[in-house]
Amino acid sequence: MRAPDDENLFIAGTVPDALAALASHGVGAMPFAGGTWIMRAPIRREPQAAFYVSLDRIPELSAVDIAIDRIRIGACVTHSRLAAQLAEVEPCHGLVTAAGSAANPAIRGMATVGGNLSTWDFPAADLPPALLCLDAEVELATTDGRQRLPFERFLATRRELRPGTLLTGVTIPRRPVRTAHARLPLRKAGDYPVAIVSLAILLDRNGAVEDASVAVGSVESTARRWPELERKLVGHPLDPETARVLAEAELGAFTGRDGVEAPGWYRLQVLPALMRRAVDAALRSQS
Ligand SMILES: Cc1cc2nc3c(=O)[nH]c(=O)nc-3n(C[C@H](O)[C@H](O)[C@H](O)COP(=O)(O)OP(=O)(O)OC[C@H]3O[C@@H](n4cnc5c(N)ncnc54)[C@H](O)[C@@H]3O)c2cc1C
């Protein structure tokens, strides 16, 4: 694929400019963020868009705002910047691990949060399970206005979003939870993880689990929570080996997807060990 040129590229300076450009070029137009996914469209045998609207000069989309009660991440923040800026910020340990271990350094330096969340046909994405555990909200903008969606709802509906919709940012409430992200990449799978476990755990003053969010990525076509396991964790001390055994007993909740890099059964088989690793990392993280 050739890079977009002046003829088929508009560099937007504001969100309204970007929305107007997308609207005026209709269904043939597409947002262009880091370009890491778009530039590989021919490998996936996907057609090139007729027109691209570049988002990376929009200041609002490149900001990370850290407040006492919430964190807002602009859609054009790259994976490397996210990992660097939130490295010492709680409850972001899991999210930082997700952003800092996805793909490879070159891709992380260009690939954006908005681009990652908008590639709905990429099951192995790292950010969705990490954000699911954090009760994140997604901000969307169209020429009709802006709205916020709970992250779970966004994942369920993102495929049907109206053409020309822009993801403008993600907001995370700050809660005193311990978070972690464990992934299993396989060499033959390139840089993609074959299975991912993310979690956010609230411990009570006695060290027992008061609230648990566990999300699984890459095993099915879209990341999703694991409520059967979450319920089993609540009320008990957080322990890596116990979590592994509980995860093993609840594997029936998922149907592993077969892919060129790994069969579905294998994705399920590695989940208990990933759960143990994630709990171990969560216990070592701050809350
Ligand atoms: C070699 C390789 C390895 C990878 N490994 C991993 C991995 O291990 N883990 C992982 O999570 N990901 C991985 N990825 C995927 C990578 O994270 C995505 O390519 C990247 O996040 C896409 O972001 P981008 O900014 O480059 O998006 P772009 O390529 O610019 O856009 C991708 C899609 O999103 C749309 N889009 C972009 N921004 C917006 C927005 N703000 N609003 C609406 N639509 C938008 C575009 O129109 C396009 O359809 C890998 C990619 C490559 C190439």
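A residue counts as near a molecule when one of its heavy atoms lies within 4 Å of it. Keep that in mind for the first stops. One caution before you click: this is a predicted model.

**Stop 1: the ligand.** Select the ligand and show what is around it. You should find 34 surrounding residues. Pick out Pro31, Gly34, Thr36, Thr112 and Asp126, which are the closest.

**Stop 2: the ligand's oxygen atoms.** Select Gly34. A polar atom of its backbone lies 2.8 Å from an oxygen atom of the ligand. Move on to Gly35. Here, too, a polar backbone atom is 2.8 Å from a ligand oxygen. Now select Thr112 and show its side chain. An N or O atom there sits 2.6 Å from an oxygen atom of the ligand. How much of the ligand does the protein cover? On its own, the ligand has 970 Å² of accessible area, and the protein covers 94% of that.

**Stop 3: the shell around the ligand.** Colour strand S2 (29–32), helix H5 (113–118) and strand S8 (166–173). These are the elements that give two or more residues to the shell. Which of them gives the most? Helix H5 does, with four residues. Next, colour the shell by residue type. Expect 19 nonpolar residues, 11 polar ones and four charged ones.

**Stop 4: a cis peptide bond.** Go to the loop between helix H2 (79–85) and helix H3 (93–101), where you will find Pro91. Zoom in on the bond from Glu90 to Pro91. This peptide bond is cis, and its omega is near 10°.

**Stop 5: a positive phi.** Follow the chain to the loop between H3 and helix H4 (105–110), and select Ala103. Ala103 is not a glycine, yet its phi is positive, at about 55°.

**Stop 6: two helices.** Two packed helices are described by the angle and the distance between their axes. Select helix H9 (residues 240–249) and helix H11 (residues 271–284). Their axes come within 8 Å and cross at roughly 150°. Angles over 145 degrees count as roughly antiparallel, so H9 is roughly antiparallel to H11. Which hand does the crossing of H9 and H11 have, left or right? The crossing is right-handed.

Key: Residues numbered from 1 in each chain as written. Predicted model: local features only at pLDDT ≥ 70, side-chain atom pairs only at ≥ 80, totals over all residues. Heavy atoms only, no water. Polar contact = N/O pair within 3.5 Å; in protein donor to acceptor, adjacent residues only side chain to side chain. Areas by Shrake-Rupley, 256 points an atom, 1.4 Å probe, with all protein chains shown as cover. Nonpolar A, V, L, I, M, F, W, Y, C, P; charged D, E, K, R; others polar. Axes fitted to C-alpha atoms, helices over the stretch in contact; angles between N-to-C directions. Parallel < 35°, antiparallel > 145°, perpendicular 65-115°, else oblique. Left-handed = near helix turned anticlockwise from the far one by under 90°.
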